[in-house]
Amino acid sequence: MITIFKTKCLLLLRNPINYIISTVVICLFVYLMGHQQKEPIAIASLLNEQETAQALQALQKISYYDYSVHTEQKAQELVEAGEVKAAIFLFDEQFRLVVANDFMDSALLQKELNIVYHDRLQQTALLQAFPAQQAQVKEIFTQAQITPAFHIQYQNSKWEEAPIYNRQLSTLFSFSLFMVIYTTASGVSYILAERNMGVWNRLIVSSISKWQAYTANLAYAFCISYVQLVFIFSIFRYVADVDFYGSFTFTLILIIPYLLCVVALTIFIASITNTISQFNTMIMLIAISFAMLGGAYWLLEAVSSPFIYLLSYISPIRYGLEILKGGSTWNELLQPISILLFMAVVLMGIGINIMEKKADT
Amino acid sequence: MIEVVNLTKNFKNIKAVDNVNLYIEPGEIVGLLGPNGAGKSTTIALISTLIQPTAGDVLFQQQSVINNPKLLRDVLGVVPQEVALYKDLTARENLQFFGTIQKIPKGELQGRINAVLKQVGLEDDRKKLVKYYSSGMRRRLNIGAALLHKPAYLIMDEPTVGIDPQSRSYILQAIKQLNQEDKTAIIYTSHYMEEVEFLCDRLYIMDQGKIIAAGTMEEIKAILSSEKTIEIKLERHSKSFVEALTTLKLLSNIQIAEAQISFTVEKNTDFLSVILPLCEAHNIVLKGFHVKEPTLEDVFLHLTGRALRD
């Protein structure tokens, strides 16, 4: 088994170009996405200067947008002319968001604005309840924000205080999980190639058992994918200083179930195809579809069709991204991890079974 | 001894191997001859325990290997029809790999690799990547990879396909030598008559999944001992001449080439008394004729009604 594994590594060393190219492409893509020019967003505010500044401060947590204040009419015109992708209209008791069709961060902006308006409306309600003691209420409210009566620590990622969405990190995870499918496929494709060129038959009639031959090949596919992800993540961690939501090591552990599932998925695809070219075509189709469905190209929150959203549940990328999004508790991680492992077991079982049946027919 | 008993293999509705019986004794070379699609490779795959039969059994030393393939695999070497090697490894690395998976002890492996490289004549090219080998060299290494563990039985599935005559001759000599020196029993499949005639002690002829003839070379040729094959050379021939020729009941297995026609007749038939008047009647010039001893090709033609490479 070790011999097969070592030989595969030697073959990779002899022909590393595809592996290196895919690694470089992921790094470059993520770097460029993370360092692209800030996109402008127009803001039209009917609030006073101080309140507008507060809202802007909150929005600037989303660092890859450049916010500029305009009149209501100008902001509207800018969106219509396509000069900005989104315009935010801040009113006394509500806000309005006007966005272009291809704007993907509506949900994110809404989340930030909800926090601003949540505090604002709370204060307004208190002031209305105690009209005679406005100054006192304001002071108590400010004081309560600085030193709250209860120190509440939120562990739930759905809560507003969860780690803020980091576009570069999200791009890194999305693109890595998507591209690594091709790396895994290149490892698994050896099984198909060996079956076609007769080496597999030599393995079968040798002194090693079938399960050893499968295990060695699958372990190789897993390892090259894992090493690639560790390498890419390490570059972003130690060179680009990306914080990985403060748990780099944990991230490296969390990608394991995803990779197991991808290895199983590729072996399943190998089982239903007969040639390397068929396999490569299938992998390309499946990887791109799963990336689209699973939220690697855009946030799942931006998906408006319930059917497409439902389809996202079959994409391992969805669960991979869910695991990696940061701030989740063990309980929350358990579900996507279990689904990935379940998919891995089922796809692996079916895949190897079909392969063995095909070999005999 | 390996015995194949009533072996049958169906692929969906196709009977690829149909009730085949054969045996191979230690130290002999047995040929499995037949055209493409005759079922040779499937039979080989069944004997090699690579696929499961639909019916029948493969016995090694009187024990079934269907449920206990290890019994046979330990003493079996398989040379597949494809070049089953890693092209990005050198000859030595390939042999190292296949030797290790055969669990040849480390102390012995290097010695065996050197011996095999010598046996297949690739000592000087052992450090070259296989992708830079000629097809003949690849074929030789393909055989070498099956010899590492000194198998008592070697199955070779058309090992000379697509190579130059020089490499082919080298391979055939090497196989003969392997059989004579190491007493390796060999099952050799081919659709080249001359290879089988050169190598094999006994022969099975397959067609459409069935064994249609079996025996030593002499026994097989004796099938046609009552007949002789005649080749006539003509300046040209015409449609009417060929039509007239095919109506002659004396002749069988008529094969027509451009200016040459061959046919089989009963051993004592005076074929000239029939052919000459026919030539005269159709204004055809007979340039010469040749009476041939029956070959395996003739036997195959006789048995199946078609040429081996059809």
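In this predicted model, Thr189(B) is a buried residue, its relative accessibility being 0%. The residue belongs to strand S8 of chain B, which covers residues 185–190. Its side chain is joined to that of Asp157(B) by a polar contact of 2.8 Å. Asp157(B) also appears among the residues that Thr189(B) touches once residues up to four places away in sequence are set aside; the full set is Leu32(B), Lys40(B), Ile44(B), Met156(B), Asp157(B), Glu158(B) and Pro159(B). Thr189(B) thus offers a convenient way into the chain as a whole, which is described next.

Chain B has 310 residues, and 52% of them count as buried. Its secondary structure consists of 11 helices and 14 strands. Computed along sequence rather than space, many of its contacts span a long way: among those with a separation of 6 or more, 69% are between residues 24 or more positions apart. Along the principal axes, a box of roughly 80 × 45 × 35 Å holds the C-alpha atoms of chain B.Two asparagines of chain B invite a closer look at the backbone. Asn19(B), which is not a glycine, has a positive phi, near 55°. This asparagine is found in strand S2, residues 14–24 of chain B, and with a relative accessible area of 44% it is partly exposed. Asn253(B) likewise has a positive phi, near 50°. Strand S12 of chain B, residues 252–256, contains Asn253(B), whose relative accessibility of 22% makes it partly exposed, because the class of buried residues ends at 20%.

Attention now turns to the contact between the two chains. Chain A brings 25 residues to this contact and chain B brings 30. About 2400 Å² is buried between chain A and chain B, and carbon and sulfur atoms give 60% of that area. How many salt bridges cross the interface of chain A and chain B? The rule finds one, and the partners are Arg14(A) and Glu93(B), whose closest N and O atoms are 2.7 Å apart. Polar contacts across the interface of chain A and chain B link nine residue pairs, with both residues at pLDDT 80 or more.

On the side of chain A that touches chain B, at least two residues each come from helix H1 (2–14), helix H7 (167–197) and helix H8 (199–204) of chain A. Of the elements on this side, H1(A) gives the most, with seven residues. Sorted by class, the side of chain A that touches chain B has 10 nonpolar residues, 10 polar residues and five charged residues.

The cysteines complete the picture. Over all chains, a search of the whole structure finds zero disulfides. Cys261(A) is accordingly in no disulfide, and the nearest cysteine sulfur, belonging to Cys223(A), is 17 Å away. Is Cys261(A) buried or exposed? With a relative accessible area of 0%, Cys261(A) is buried. In chain B, Cys200(B) is counted as buried too, at 8% relative accessibility.

Terms used
Residues numbered from 1 in each chain as written. Chains lettered and ligands numbered in written order. Predicted model: local features only at pLDDT ≥ 70, side-chain atom pairs only at ≥ 80, totals over all residues. Heavy atoms only, no water. Contact = heavy atoms within 4.5 Å. Buried area = accessible area lost by both parts, 1.4 Å probe. Salt bridge = Lys/Arg side-chain N within 4 Å of Asp/Glu carboxyl O. Polar contact = N/O pair within 3.5 Å; in protein donor to acceptor, adjacent residues only side chain to side chain. Helix = DSSP H or I, 4+ residues; strand = E, 2+ residues; numbered from the N terminus. Nonpolar A, V, L, I, M, F, W, Y, C, P; charged D, E, K, R; others polar. Disulfide = S-S within 2.5 Å. Buried < 20%, exposed > 50% of the residue type's maximum accessible area, 1.4 Å probe, protein only.
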